[in-house]
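Biologist: I would like a close look at a single part of this model, the central sheet and what lies against it. Please take me through it slowly and keep the pieces connected.

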Amino acid sequence: MTIWYGAAGSGDPVLLLHSGVADSRMWEPQAAELTERFRVISPDYRGFGRTPYEAAEPFSTCGDVADVLDAEGHGRVAIVASSYGCRIALQLAQQGRATRLVLLNPGSSDVPETEDMKAFGAEEDRLLELGDIRGAAELNADTWLGPHTTDEARALVVEMQANAFSLQLGRDVDEFEPDFTLAGIGVPALVVGGAHDLLHFRRSARHLAENLPDARLVELDWAGHLPSLERPKVITTLLLDYL
């Protein structure tokens with residue numbers, strides 16, 4: 001396989017797609033209970049977690065994840081995705097690989113970038129240009145985690161993001177993304193937004209819930225951008241109920 005992935009449990013398959021500020025470890029709080037009822041598959045994309053970048057050949061993250069599903073022998077799976085992972089989930093859904101979707105704090109290219117996103121991006125770039133990987137990772141933890149977060153969860157986000165920066169910075173990569181349209185996605189979708197997330201993502205969650213053919217929106221008044229780490233038991237219950 002091109003990318004690392006974990007697989008455990010038995011039953012109907014569930015694919016867990018991590019955010020761009022994390023890796024598959026973000027799902028560890030949910031994994032134990034999910035694997036009691038499902039076959040749970042959790043990959044690390046290239047440049048994240050346990051998957052370094054290989055030679056600079058054209059690739060798509062969606063294609064890498066589809067290869068994982070093929071290796072596991074699954075044509076269609078339920079997909080639970082966070083942030084950047086939601087885009088991959090929607091691409092897979094349009095390709096007919098999804099039975100249902102859970103989209104936690106998705107972004108959307110149809111929603112303009114907001115001022116808080118621009119400010120975050122500028123500060124992250126400044127820190128990385130200084131070579132301050134730790135500072136940039138801490139900025140990400142401070143930005144993406146809501147007020148109901150433990151010190152342990154914050155430390156994990158800093159570790160995951162710092163590792164991703166170390167894997168990605170200075171690498172020559174050629175990644176492309178398949179095109180997709182929301183109208184071509186007919187499977188049921190649960191879209192989750194957080195009241196303490198950046199404005200772009202709050203607007204994106206509403207946009208997707210309004211424009212996917214079979215979707216409903218749940219807004220969490222306590223959540224930031226990574227609710228599965230902020231209140232793990234609440235999100236585990238939500239996933240078990242929906243799946």
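Modeller: A residue is called buried here when its relative accessible area is under 20%, and exposed when that value is over 50%. By that measure, buried residues make up 52% of the 243 residues in the protein chain, and I should say at once that this is a predicted model. The protein chain has 9 helices and 9 strands, and along its principal axes the C-alpha trace spans about 45 × 45 × 35 Å. Because a compact globule with 243 residues would have a radius of gyration near 18 Å, the 17 Å found for the protein chain agrees with that expectation. Among contacts with a separation of 6 or more, 76% join residues that are 24 or more positions apart.

The sheet itself is open and is built from 7 strands in the order β1-β3-β2-β5-β6-β8-β9, with mixed pairing. Its edges are formed by β1 (5–8) and β9 (215–220), each of which pairs on one side only. On average, and with direction ignored, neighbouring strands of this sheet are turned by 15° against each other.

Two helices that pack on the sheet can be placed from here. Helix α3, residues 84–94, touches β2, β5 (77–82) and β6 (98–104), and its direction makes about 160° with that of β6. Helix α7, residues 199–211, touches β8 (189–194) and β9, and its direction makes about 155° with that of β9.

The part I would examine most closely is β5, together with its partners. In β5, 6 of its 6 residues are buried, so the definition of buried is met along the whole strand. In a regular strand the side chains alternate between the two faces of the sheet. In β5, Val77, Ile79 and Ala81 point one way while Ala78, Val80 and Ser82 point the other way, and all of them are buried. On one flank, β2 and β5 run parallel and are joined by 4 bridges, with leucine 16 standing opposite valine 80. β5 and β6 also run parallel, joined by 6 bridges, and there the bridge partner of alanine 81 is leucine 103 in β6.

Continuing from β2 to its other neighbour, strand β2 (residues 13–17) pairs with strand β3 (residues 39–43) in the parallel sense over 3 bridges, and leucine 15 stands opposite isoleucine 41 in β3. Valine 40, which has its place in strand β3, has a relative accessible area of 4% and is therefore buried. The C-alpha atom of valine 40 is separated by 5.9 Å from that of proline 13, although the two residues are 27 residues apart along the chain. Leaving aside residues up to four places away in sequence, valine 40 touches Gly6, Ala7, Ala8, Val14, Leu16, Leu34 and Thr35.

Returning to α3, this helix is mostly covered, with 8 of its 11 residues buried. Those residues are Gly85, Cys86, Ile88, Ala89, Leu90, Gln91, Leu92 and Ala93, and the buried residues of α3 pack against β2, α2 (61–72), β5, β6 and α7. Just after α3, glycine 96 takes a positive phi of about 80°.

Two histidines, both in loops, complete the picture. Histidine 18 lies in the loop between β2 and α1 (28–34), and its relative accessible area is 0%, so histidine 18 is buried. The side chain of histidine 18 reaches the backbone oxygen of alanine 22 at 3.3 Å. Beyond residues up to four places away in sequence, histidine 18 touches a set of residues including Trp27, Tyr45, Phe48, Ser82 and Gly85; of these, Ser82 is one of the buried residues of β5, and Gly85 is one of the buried residues of α3.

Histidine 225, in turn, lies in the loop between β9 and α8 (227–230), and because its relative accessibility is 2%, histidine 225 also counts as buried. The side chain of histidine 225 makes a polar contact with the side chain of serine 83 at 2.7 Å. With residues up to four places away in sequence not counted, histidine 225 touches Ser82, Ser83, Asn105, Trp144, Asp197, Phe201 and Glu230. Ser82 therefore appears in the contact lists of both histidine 18 and histidine 225, where contact means heavy atoms within 4.5 Å.

Definitions and conventions:
Residues are numbered from 1 along each chain as its sequence is written. This is a predicted model: local features need pLDDT of at least 70, side-chain atom pairs count only at pLDDT 80 or more; totals for chains, interfaces and linings use all residues. Side-chain values use heavy atoms; hydrogens and water are left out. Two strands pair if DSSP finds at least two bridges between them. Axes are lines fitted to C-alpha atoms, for helices over the stretch in contact, and angles run from 0 to 180 degrees between N-to-C directions. The radius of gyration is taken over C-alpha atoms; the globule rule is 2.2 Å times the number of residues to the power 0.38. Buried means under 20% relative accessible area, exposed over 50%, partly exposed in between (1.4 Å probe, protein chains only). A polar contact is a pair of N or O atoms within 3.5 Å; within protein, one must be able to donate a hydrogen and the other to accept it, and residues adjacent in sequence count only if both atoms are side-chain atoms.
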